[in-house]
Amino acid sequence: MASKTTLVPWYPIVPQLILDPLFHSDSKFVGDKFRTSDGARYNFFTAELETGVFRLDPDHPLHRILLRPPPDEQLEMGVEWLRGNKYFHYADGDCRERWLRIRAVMREVDAVVDFAKIFRAISHHCIEDPVRRFEWQALPVTKLKVTQCGGPDCHDLLPPIAAMLPPDSEFAAPTGSLDEIWSRVHIPVAIGFEESRVFIKLFKFMRMTLRKQPNRRFLYGLAVNLESIIYCRVDRSSILTGDPVFYRSTPGGLITLINNLHKLSDLEHGWDPTLERSSLPSLFPSVPIWEASLQTKRAAEPEKFVLYSQVAVSSAKIAAMSTVRIWKAWRKSDLVKPIHERQVYVVKDCWQDDRFHPEGVIWRAIGHGDGLARFCSGRLIEINATSDITFDPSSLIGATVLPADQLWHAFLPTYTDGQALTSDLAAQIRRRRHYRMLMKSYGYSLDSFGSLTELVGALHDVVSSLSNLHNQNYLHGDISDGNVLVTGRPRPNRGILIDMELAFDLGQEQDPDNDNLHLRGTDAFLSCEVLAEHRRFVFSKRARSPGNSGRESIHELESIFWVLCYLCIIRVAPGACPDLSMDTPTGRLFKELFNGERAEMAIVRRGIIEHECDLWNNVLEYVSEYTAPLKPLIMDLHAILRLGYMERELARERKKKKHTETETETAVSEFKLNLHEKFLAALDEAENRLEANPPEDSARVRKQAANLRKMKEYDASFDPIDYTQLELSDSGEWEIKKITAMSRGQPKRKRARRA
């Protein structure tokens, strides 16, 4: 029988001032691109956390593991030691024992000192732990340099208290590196006297810990308030909590919790043994090097890959713990080759929704093709022969939903006015699988184009690949500037499509298990009909009706159009972005067209598609001087889309007039084929215009283009490995040099003679 679980839906009362620090690094320009506004950040955060916090029933297995009392003799010995050393004692005139080391009235700064001492005392004198894998420490964040905690945005995100791994732990970064402190955080602790905020403080610390620890699958944390302490377990889909431990009145409960946390192994604390810190020495303390075993086609057994440069981490999605990390990687056996002869791979590590096919399945079904990234392998991560998957929400059906008016219900022992958790609410919880994929293609996002010719050529090859994809009855599902890479290679791979995580077969679109495939994607580039959830939105006055929502190939070509408009507005030079604040006309247009609410953006885009005057007023007037030569291309693609939507309506009218099914299918397929061909012809014509009449770039544009080329050249030659500390072994691989006692003493004798 499934154990009961309780839901605390705390998201509606999260104050904005608490959310802002969580998105401090996202509130500015990230990579010269304005990501989101304050309102959008808040809406996204609450939407991702609407599944709530699950409080486990005492019969739940996880709860029994963490709050199961130790043997009576051990518990009594621990309590006696604490009493003998005056950590707590009977108060005068009171029969209850009180903690003497915890002040009754204190500031949060005092509480950090008090609890750090108590946690250390319990772990050293009340617990039999010969291994002692971690140590409780107070982290004086105010005394740390910014570089010691990994950057200015991380300075205030270290927890005040944490269980820290020893410096020589296999999971810890080398001593002296920038991420050393973060890599050793084992269990973060948040302390606060306002119950409505302490839990969000803890979540902020746990969020940053997961961001800084790529080799962490989940972790535990402790939230401490004036009367109680509660444990939390955060994985990539949910937050689980247990009953509060009232430490002031029951010291044995605190000893029990600390004791059981010490008993858990590293795997049970969420560390990932499949991603290891490399023993290869690094030239840059800020660039950790990782190693992972991945399957390739040329070898029957998995090969070791060196993940030497993290390309991207999804900072937005990390609020929901569904982090996606992307590394550049080499085969470890290829390190003996010169850097220009090594094949650069891309490793993608992510947590994918359990209800959808893994991305590798889509890549295998599509196969290799021009304009597509090269897929090598992908697999679900297994830990001890068990799939690495997050908490299963199916056992939550029938649990109690707590009132959402105040967060501190999470700290109360009993609940009132609850309601049953329905299967619909439980279905919102995203159960995720740990998936790792190896790709053989590398490039730069489309907004890193170095010239207008490179931009148009990349779009041409991507539209060609979309044509082949659509002919196989597949849609990409997430056309965006980040999912199109410029490679610097010749046609037909000047631009390639990546990220098939949201791709789907049109025949499976109405599958109830696929959870609204037609609504997913990047809002900034979705077609107006997808945003409006109405397939007959353009050139139609009909109201939305059930079954009218869905995806078509024309929607993805419209996404290509919006990507082009977006880049022509936000690029004033290669890699340079204009002022997009709300005080400027461009900023207001950007917010209205690319960063607003879905329904509002759908109406604006519909007007642009249907009316040429709206195209001039809302797009062409805001195109930068640098990208102005692409205005004719924008107008051509707009005319093709506008005519395409009209032809689509005519094809459907033919079907209403009872033409044969074969005639209708032929007309629709010809319409699809002609649309792709027209897009390719328009892009070819634009490329020919640019070659015949090259634009006269300003000095600023030439300087920015030169800087962008230098950046790409540096990236291509980047190698963080310190080969001076390595030597070739008999097997032909690099190993760390063995320094003998004689070789260590020789320099000292020479220095002595010189002295």
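The exercises below, each with a worked solution, concern helix H19, a small set of strands, unusual backbone geometry and model confidence.

The model is predicted, so that local features need pLDDT of at least 70 and side-chain atom pairs count only at pLDDT 80 or more, while totals for chains, interfaces and linings use all residues. Residues are numbered from 1 along each chain as its sequence is written, and side-chain values use heavy atoms, with hydrogens and water left out.

**Exercise 1. Determine what span helix H19 should have, and which of its residues are buried.**

Solution. Helices (H or I, at least four residues) and strands (E, at least two) are DSSP runs, numbered from the N terminus. The expected span of a helix is 1.5 Å times one less than its number of residues. H19 has 19 residues (699-717) and should therefore span 27 Å, and the 27 Å between its end C-alpha atoms agrees with this. Taking buried as under 20% relative accessible area, exposed as over 50% and partly exposed as in between (1.4 Å probe, protein chains only), one finds Val701, Ala705, Leu708, Lys712 and Asp715 buried in H19. They cover an arc (of the directions from the helix axis to the C-beta atoms) of only 85° around the axis, which puts them on the same side of H19. An α-helix has 3.6 residues a turn, so residues three or four places apart point the same way. On the face turned away from the buried side stand the exposed residues Ala699, Lys703, Lys710, Glu713 and Tyr714. With contact defined as heavy atoms within 4.5 Å, the cover over the buried residues of H19 includes strands E16 (325-331), E24 (444-445) and E26 (484-486), together with helix H11 (452-471).

**Exercise 2. Describe the open sheet that contains E26.**

Solution. The sheet has 3 strands in the order E24-E26-E27, and their pairing is antiparallel; strands pair if DSSP finds at least two bridges between them. E24 and E27 are the edge strands, each pairing on one side only. Between E26 and E27 there are 3 bridges, and Val484 has Leu497 in E27 as its bridge partner.

**Exercise 3. Identify the cis peptide bond and locate the positive phi values of Ala385 and Asp499.**

Solution. Most residues other than glycine have a negative phi, and most peptide bonds are trans. A cis peptide bond, with omega about 10°, joins Arg491 and Pro492, and Pro492 belongs to the loop between E26 and strand E27 (495-497). Ala385 has a phi near 65°; this residue sits in the loop between strands E19 (382-383) and E20 (386-387) and is exposed, with a relative accessible area of 70%. Asp499 has a phi near 60° and lies in the loop between E27 and strand E28 (504-505).

**Exercise 4. Establish the surroundings of Asp722, in the loop between H19 and strand E29 (726-728).**

Solution. Asp722 is buried, with a relative accessible area of 11%. Its side chain makes polar contacts with the side chains of Thr724 (2.5 Å) and Gln725 (2.8 Å); a polar contact is a pair of N or O atoms within 3.5 Å, and within protein one must be able to donate a hydrogen and the other to accept it, with residues adjacent in sequence counting only if both atoms are side-chain atoms. Leaving aside neighbours within four places in sequence, Asp722 is in contact with Pro281, Ser282 and Leu283.

**Exercise 5. State the confidence of the model, and its value over residues 509-515.**

Solution. The mean pLDDT (the predictor's confidence in each residue, from 0 to 100) is 75, and 70% of residues reach 70 or more. Over residues 509-515 pLDDT stays under 50, and the model has 14 contacts beyond four places in sequence for them.
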